[in-house]
Amino acid sequence: MLYRESIFITGFPGFIAGRLLELLIKPETQFFVLVQPHFVHKAISELEAIAEIHQIPLESFVIVEGDITLPNLGITNDDLQTIQYETTDVFHLAAAYDLGVSKDVAFKVNLEGTRHVNDLVCSVKNLRRYNYVSTCYVAGNRNGVILETDLEHKAGFRNFYEETKYLAEIEVDKLKSHLPVTIFRPSVVVGDSMTGETVKYDGIYYLINYLRKMPSILRLVNIGNPSVRLNLVPVDFVVESIAALSRDLKTIGKTVAIADPAPLTTTEIFDVIAKDLSGRRSEFQLPMRIAEWFLHTGISPAVTGLPHNAVPYFFLSQTYDTGLSSELLSSHGITCPGFASYVGNLIDFVEENPKL
């Protein structure tokens, strides 16, 4: 069968990569899906389900065993040559996303892995687009407004995840001078805005589970910060944005923030969750210096469920400019839903699936 486009994608069968792949399906589209050996059986099962749902031949998906941490991604020479000659579009999503990731793993996966993917991209003969998924948190310890055109800084980082994603984005950004590159920076990704579905409870889910313990009592004292906004985006908005903008010629050479243009403060987020769970908002605001002190104490993780490595994100004074992304997405009819409009769906999913 002849294909009009052949998409090479990393990060499958990850939650975001899987959902993105489904949105990229078109007639006469082929997928080269890079999968680590120990995930092959899971990948086969998910691709069979996707093929059945979308009524497309299973042969449209080619599982390529490999690993981004290896030279040539660990791909055999025959497969590598086929990919180099047939690929038209590359989507690089594979990464170590854990805030507590060790230095060795972070540098090996996020930085060296991206360098290896870059090498492959540079060898593709008929490249139309290289789409790299970064993060808004390449901004590290910077304060204030972070523009989509901002990248290099010396403000430092809270963890190796941020640092290595920053260094990796610099490597991809260098390719813009001679390749059709688009960089996407999602903020904090949460579950589906319609179904609430997710695969991991971290970030805002720590606060959801904290309030779920005793909603009517714990909602009384708001532990949020009225001057800090936490930028949350549902996974469906993220994948719809990437799928649409990856085929938009106006995004070539651009870095795009996939973020909420009107994020809530952490105080407002606390109240929105409390209202859904208990029907009432908070009564008192805990002074910030006390809240931050307590969340760093040894007993806090056991009481609140919030690990120490996540605490800084609730007190981080950063705002992500979405001027370019909002303009581009508007032409595709895509807007980011407000957190209050879908928080109930996130909570319903947690209550139906208390343990993932």
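In this predicted model, charged residues make up eight of the positions lining the second largest pocket, alongside three nonpolar and two polar ones. The lining comprises 13 residues in total, and those nearest the pocket centre are E5, D89, R128, S246 and R247. The space inside this pocket amounts to about 150 Å³. Such spaces come to light when a probe the size of a water molecule is rolled over the atoms, which shows where emptiness is left.

Attention now turns to the aromatic rings. Seven aromatic pairs are counted in the model. One of them joins F339 and Y342, whose ring centres are 5.5 Å apart and whose planes meet at 85°, an edge-to-face arrangement. Two values appear in that description because a pair of aromatic rings is described by the distance of the centres and the angle of the planes. Both F339 and Y342 belong to helix α13, which spans residues 339–352; they are three residues apart, so about one helical turn separates them. With a relative accessibility of 4%, F339 falls under the 20% limit and therefore counts as buried. Y342, at 1% relative accessibility, is likewise buried.

Elsewhere, the three tyrosines Y137, Y313 and Y320 come together in one aromatic cluster. Y313 also has a charged partner: the charged end of R158 is placed over the Y313 ring, 5.0 Å from the ring centre. A lysine is found over another tyrosine, with K125 lying over the face of Y85 at 5.6 Å from the centre of the ring.

Key
Residues numbered from 1 in each chain as written. Predicted model: local features only at pLDDT ≥ 70, side-chain atom pairs only at ≥ 80, totals over all residues. Heavy atoms only, no water. 1 Å grid on protein atoms, 1.4 Å probe; cavity = no way out; pocket = protein on both sides within 12 Å on 5 of 7 lines; lining within 4 Å. Points joined across faces, edges and corners; volume = space filled by probe spheres on them. Nonpolar A, V, L, I, M, F, W, Y, C, P; charged D, E, K, R; others polar. Phe/Tyr/Trp six-rings, centres within 6.5 Å; stacked < 30°, edge-to-face > 60°. Helix = DSSP H or I, 4+ residues; strand = E, 2+ residues; numbered from the N terminus. Buried < 20%, exposed > 50% of the residue type's maximum accessible area, 1.4 Å probe, protein only. Lys NZ or Arg CZ within 6 Å of the ring centre and 35° of its normal.
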